[in-house]
Amino acid sequence: LPLAFFALMGADCTLYWLGRRYGSHLPNIWMFRSFLKPQRLAKAEAAFHKHGGKTLFLVRFLPGLRAAAYFSAGMFRVPFWKMLVFDGAAALLSVPTLILLAYFFGAQLENVRQWTERAQFSVAVILFGVIGMVIAIKLLRSRRKIAAGGAA
């Protein structure tokens, strides 16, 4: 448990320090230039300083966003102690929970894998259905708008 905790904290601190050291260079890289404009960065930095603690705590539970958030915390110069406190508090919840879940339910891993494979198809069908409905609604609205504009 302590090893897992310190390994995760070490990884997060590494991301933070990489952001602190190299984050200011990102807007100069050609593939980031188009969406890392100064106005957006200033707005993001203000939001990060206002909600940074909550963000650093919550992002621990969102694997796809975690690395970017800790890198951004370093980039926006969030105080290191703040990152340690909020990330550490979240890790104190997530690390024991995940280890206990693996301990008690590890034998069920094959069943979970089979269930996940079956569920993936259903999720994909639902997702494509929702996307299709959104596109259809947008097309209908634009056609109605064009029809209403042409009749007037």
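Helices, as the term is used here, are DSSP runs of at least four residues, numbered from the N terminus. In the predicted model examined here, helix H5 spans residues 80–105 and contains Leu101, while Pro79 is located in the loop between H4 and H5.

The largest pocket of the model has a volume of about 200 Å³, and its lining is made up of Leu26, Phe32, Phe35, Leu36, Leu41, Ala44, Ala47, Phe48, Ser72, Met75 and Phe76. Two or more of these lining residues come from each of helix H3 (38–58) and helix H4 (63–75), and H3 makes the greatest contribution, with four residues. When the lining of this pocket is sorted by class, 10 residues are nonpolar and one is polar, whereas no charged residue is present.

A nonpolar patch on the surface is formed by Leu98, Leu100, Leu101, Tyr103, Phe104 and Phe105, which together have about 730 Å² of accessible area. Within this patch, Leu101 has a relative accessibility of 43% and therefore counts as partly exposed, since that category lies between the buried limit of under 20% and the exposed limit of over 50%. Pro79 falls into the partly exposed category as well, because its relative accessible area is 32%.

The separation between the H4–H5 loop and the patch can be described through one residue from each, namely Pro79 in the loop and Phe104 in the patch. These two residues are 25 residues apart along the chain, and the C-alpha atoms of Pro79 and Phe104 are separated by 38 Å.

Terms used: Residues numbered from 1 in each chain as written. Predicted model: local features only at pLDDT ≥ 70, side-chain atom pairs only at ≥ 80, totals over all residues. Heavy atoms only, no water. 1 Å grid on protein atoms, 1.4 Å probe; cavity = no way out; pocket = protein on both sides within 12 Å on 5 of 7 lines; lining within 4 Å. Points joined across faces, edges and corners; volume = space filled by probe spheres on them. Nonpolar A, V, L, I, M, F, W, Y, C, P; charged D, E, K, R; others polar. Patch = residues over 30% accessible without salt bridge, like charges linked within 9 Å, V, L, I, M, F, W, Y side chains within 5 Å. Areas by Shrake-Rupley, 256 points an atom, 1.4 Å probe, with all protein chains shown as cover. Salt bridge = Lys/Arg side-chain N within 4 Å of Asp/Glu carboxyl O. Buried < 20%, exposed > 50% of the residue type's maximum accessible area, 1.4 Å probe, protein only.
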